[in-house]
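Biologist: I should like to understand how this chain is organised. May we go through it by question and answer?

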Amino acid sequence: MAAPPAPQLRHEVELAGFTTWKVGGPAEYFAEPETPEELEALLIWGRQQGMPLQVLGAGSNLLISDQGLRGLVICSRHLQGAQLDGASGLVEALAGEPLPTLARRAAKTGLAGLEWSVGIPGTVGGAVVMNAGAQGGCIADSLVNVTLLDPGSGEQRVMGTQELDYGYRHSRLQAERWVVLKAQFQLEIGQAAEQVSQRTSANLHKRTSTQPYQLPSCGSVFRNPEPQKAGRLIEGLGLKGHRIGGAEVSEMHANFIVNTGNARASEMDALIRFVQQQVAQAHGLQLHPEVMRLGAFPDQPAAAA
Ligand SMILES: Cc1cc2nc3c(=O)[nH]c(=O)nc-3n(C[C@H](O)[C@H](O)[C@H](O)COP(=O)(O)OP(=O)(O)OC[C@H]3O[C@@H](n4cnc5c(N)ncnc54)[C@H](O)[C@@H]3O)c2cc1C
């Protein structure tokens, strides 16, 4: 085996600490690069070993199997940094930049367009892949382009927003597995920083007063089957507070499943299926998870993960 790109590479690291749900087994190899150069070195090493690769951001939309993940897991959350140009509205952020930090910095600079994102505890990379959105806004609205690395060839490529096949919590990056290095946004200029900051704070307040931010969660578990809201359907069936092991349908917001303490991924998964079954039986509707499952689950062998 070729020498690993020391010192970042670690062996058998529990991933529960790298997801907001606080569940997930070990990564065979794990690293948190802090610079683009470190990221590239890790990708080269993984390629030389012929290892499967999985990239994480802040782990705020992931259900990782209790059995963990084989191969190389790269967490990009320390790949931070952003440049904001108050005159042109152009913003460039590295993949690990926290979305709430970027939203607040943009507001302080008097740049509008990311106010909706302040309560989303993910990174720029994860938001670009998921097309994160809230309160009528989404990443695709202000994204100009993304710089990507092909883990297979090392090739660097810039893709414009129109190439990314954006839809509701969807982008082509979910299937194609490029690694997001950085993203460029065009925000609106000409607004008073105070006003943008006020809107940003109001958005955060609204969310923290209606969603269970105190307990580990991954945000909304299911996509809304438009025009219906998944949370209302689940609440209507009296499922708030329903538990499997340590996993519980939140009493505060029925589209959230919270970890009440020592939940396992298998319990989260079982509760997701239970809710799906109940909604299907009552309404003839299939709820589709927004959260992404990684690794082995009863209906998903590890090799397909
Ligand atoms: C309390 C709470 C509230 C939430 N509210 C919302 C909300 O209002 N709206 C919303 O859309 N989401 C919400 N979420 C879900 C989540 O925060 C978003 O989906 C977020 O965009 C995920 O970002 P992340 O960095 O955590 O990505 P992760 O969960 O780590 O990963 C998500 C996907 O992105 C990929 N990925 C991450 N980084 C990279 C990279 N650098 N290169 C390539 N692929 C990468 C991963 O492989 C995975 O496929 C919420 C979550 C929580 C916990």
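The exchange below treats the domains, a sheet and the surroundings of the ligand.

Modeller: Two remarks come first. This is a predicted model, in which local features need pLDDT of at least 70 and side-chain atom pairs count only at pLDDT 80 or more, whereas totals for chains, interfaces and linings use all residues. Residues are numbered from 1 along each chain as its sequence is written.

Biologist: Which domains does the domain assignment of the chain give?

Modeller: Domain bounds come from an automatic or database domain assignment. For this chain the assignment gives domain 1 (10-75), domain 2 (82-191) and domain 3 (230-304).

Biologist: Which strand gives the most to the side of domain 1 that touches domain 3?

Modeller: The C-alpha centres of domain 1 and domain 3 lie 24 Å apart. Their contact (C-beta atoms, placed from the backbone, within 7 Å) takes 15 residues from domain 1 and 16 residues from domain 3. Strands here are DSSP runs of E with at least two residues, and helices are runs of H or I with at least four, both numbered from the N terminus. On the side of domain 1, strand 4 (62-64) and strand 5 (69-75) each supply at least two residues, and the most, three residues, comes from strand 4.

Biologist: Which strands are the edge strands of the open sheet?

Modeller: Strands of a sheet pair through backbone hydrogen bonds, either parallel or antiparallel. Here, with pairing defined as at least two bridges found by DSSP, five strands follow the order 6-7-12-10-11 in antiparallel pairing. Pairing on one side only marks the edge strands, namely strand 6 (82-84) and strand 11 (156-160).

Biologist: Which residue of strand 7 stands opposite Ala82?

Modeller: Strand 6 and strand 7 (residues 90-94) are joined in the antiparallel sense over three bridges. Within strand 7, the residue opposite Ala82 is Ala93.

Biologist: Which helix gives the largest share of the shell around the ligand?

Modeller: The shell draws at least three residues from each of domain 1 and domain 2. Strand 3 (53-56), helix 3 (124-130), strand 8 (133-134) and strand 12 (179-186) each supply at least two of its residues. The largest share, five residues, comes from helix 3.

Biologist: Which residues come nearest to the ligand?

Modeller: A residue is near the ligand if its C-beta atom, placed from the backbone, lies within 6 Å of it. There are 32 residues around the ligand, and those that come nearest are Gly57, Gly122, Gly125, Gly126 and Gly219.

Note on methods
Two residues are in contact if their C-beta atoms, placed from the backbone, lie within 7 Å.
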